[in-house]
Amino acid sequence: MKPILETLKTYVNLPSGSFDKALSTTLSEKISEDLSALGFEVTAHEGALHGPTLVAAWGQGARKLMLMGHYDTVFPENISQPFQLVDDTRATGSGVTDMKGGIALMVHALKAVLPKVDAQAYSIVCVLNADEEVGSGESRGYILDNAKKSFAALSFEPGHDGAMTIERKGVTCFEINATGIGGHAGADYKKGGSAIQELLNKLQQIYALRDDSKDISVNIGVISGGTADNVLAHEAYARGEVRSYDPAEMDKLHQQLKAICAAPGLPGAATVLTFKASHPPCKKTEASMQLFAVAKGIGKSLGLSPYLLSTGGASDIAFAAQANIPVLDGLGMEGGGVHTTEEYVNLEKVDIQLELAKQLLLKLLS
Ligand SMILES: [Zn+2]
């Protein structure tokens with residue numbers, strides 16, 4: 001097996017669900033070891049709920065490039081799948097594409113490129129976190145802080161057919177707890193509002209915030225409440241999220257959600273809104289377009305057809321973009337079935353993705 005696949009196998013076989021802190025820490029130690037072997041000085045910033053955020057520094061130069069990746073997966077240990085080489089074209093395993101593949105690619109691209117980089121003129125910082133899949137609450141500060149000291153940020157989230165990303169939607173998750181007047185469904189129904197009815201009224205108004213002309217999406221993903229057919233619901237609960245490419249629209253959505261939930265409803269019923277995990281939008285900028293143009297030129301010379309993909313999926317690149325530096329995402333391995341137990345990586349593309357990463361690093365670091 002190629003060295004890069006050996007690395008990938010090692011990473012995948014160390015499960016790292018976002019909330020498996022001890023296991024994630026074990027993987028972080030392996031990644032630290034690999035980066036240290038390349039001459040990086042690695043600091044592990046201990047998290048409360050998740051594995052540490054690794055900040056790995058190389059070189060003394062003033063022009064600093066940031067590389068990003070998350071080493072957590074959505075799979076708790078009990079459903080995490082080991083690395084399996086299916087054939088020459090495909091390997092499966094949890095996180096094999098999203099995004100342990102990206103981290104393996106980053107490590108091997110650095111290994112090839114570092115001997116050619118002037119450490120007095122340039123420097124590199126890799127920020128690798130263990131809570132991306134649950135909103136990056138513990139790591140976002142490290143990402144932004146390091147982005148502020150960098151001239152650009154590259155992220156190794158999965159790539160698809162040469163697609164790269166400089167624009168991503170922001171997402172805000174929320175939950176709504178509704179209370180109403182419980183009682184007998186036959187005898188007490190005139191006394192006041194049921195929590196379920198109140199919640200449904202609010203949710204209909206929230207669904208109406210969807211605006212396809214502005215690419216604003218709304219989803220209610222979880223709903224529950226009540227106890228029996230013949231009981232007026234005293235409590236009900238829903239969880240959902242809203243997404244937009246535009247920071248101003250995200251602010252507006254937050255205000256609209258608050259207003260909907262605060263407005264008076266059925267007698268005796270109320271809803272309480274709580275905002276949960278969020279990622280800001282990553283807005284397309286001219287500087288990011290120029291960074292993409294560099295990657296596109298390299299990709300074309302390698303026979304790829306790189307194109308820009310705007311995606312509704314949030315990612316940590318948005319925190320780097322808040323530092324007003326050019327960003328580029330989607331440099332990782334190509335595969336499919338991410339966030340499912342069918343996740344696979346396309347092995348036929350690994351060499352070319354690695355070559356693209358190497359040439360891009362060299363271009364930006366010389
Ligand atoms: Zn990912």
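## The largest cavity

By class, the residues lining the largest cavity come out as 4 nonpolar, 4 polar and 3 charged. For that count, Ala, Val, Leu, Ile, Met, Phe, Trp, Tyr, Cys and Pro are nonpolar, Asp, Glu, Lys and Arg are charged, and the others, Gly among them, are polar. A cavity here is a set of points, on a 1 Å grid over the protein atoms alone, where a 1.4 Å probe fits but cannot get out, while a pocket is an open set with protein on both sides within 12 Å along at least five of seven lines; lining residues have an atom within 4 Å of a point.

This is a predicted model, where local features need pLDDT of at least 70, side-chain atom pairs count only at pLDDT 80 or more, and totals for chains, interfaces and linings use all residues. Residues are numbered from 1 along each chain as its sequence is written, and side-chain values use heavy atoms, with hydrogens and water left out.

Back to the cavity: its space is about 50 Å³. Volumes are the space filled by probe spheres set on the grid points, which are joined across faces, edges and corners. The lining consists of Met68, Gly69, His70, Met99, Val127, Asn129, Glu132, Ile143, Ser155, Glu157 and Asp316. Strand S3 is the biggest contributor, with 3 residues, and S3 and strand S6 (122-129) each supply at least two. Helices (H or I, at least four residues) and strands (E, at least two) are DSSP runs, numbered from the N terminus.

## The second cavity

There are 2 cavities of 30 Å³ or more in the structure. The second largest has a volume of about 40 Å³. Around it you'll find Gly159, His160, Asp161, Gly162, Ala163, Met164, Gly330, Leu331, Gln353 and Leu356. Strand S8 (163-164) and helix H9 (350-364) are the elements that give two or more residues to this lining. By class, the second lining splits into 4 nonpolar, 5 polar and 1 charged.

## The largest pocket

Now for the open space. The largest pocket holds about 730 Å³ and is lined by 30 residues, with Glu132, Glu133, Gly313, Ala314 and His339 nearest its centre. Strand S9 (170-179), strand S13 (235-244) and strand S14 (270-279) are the elements that give two or more residues to this lining. Glu132 turns up again here, as it is also in the lining of the largest cavity.

The pocket lining divides into 11 nonpolar, 12 polar and 7 charged residues. Both domain 1 (3-168 + 282-364) and domain 2 (170-279) put at least three residues into the pocket lining.

## Two domains

The chain is assigned domain 1 (3-168 + 282-364) and domain 2 (170-279), with bounds that come from an automatic or database domain assignment. Their C-alpha centres lie 36 Å apart.

Across the boundary, 16 residues of domain 1 are in contact with 9 residues of domain 2, contact meaning heavy atoms within 4.5 Å. About 850 Å² is buried between the two domains, and carbon and sulfur atoms give 57% of that area. Buried area is the accessible area (1.4 Å probe) that two parts lose on being put together, summed over both.

## The two open sheets

One open sheet has 6 strands in the order S1-S2-S6-S3-S7-S16, with mixed pairing. Two strands pair if DSSP finds at least two bridges between them. Strand S1 (41-45) and strand S16 (327-328) are the edge strands, each pairing on one side only. Strand S3 (residues 63-70) runs parallel to strand S7 (residues 152-155), and 4 bridges join them. Met66 has Ala153 in S7 as its bridge partner.

The other open sheet has 4 strands, ordered S4-S5-S18-S17, and its pairing is antiparallel. Strand S4 (84-87) and strand S17 (335-336) sit at the edges with a single partner strand each, so one side of each has no neighbour in the sheet. Strand S5 (residues 90-92) and strand S18 (residues 344-346) make an antiparallel pair over 3 bridges, where Thr92 has Tyr344 in S18 as its bridge partner.

## Backbone oddities

Two backbone spots deserve a look. The peptide bond from Asp98 to Met99 is cis, with omega near -15°. Met99 is in the loop between S5 and helix H3 (100-113), and Met99 also lines the largest cavity.

The other spot is Ser136, a residue other than glycine whose phi is positive, near 60°. Ser136 is found in the loop between S6 and helix H4 (140-148).
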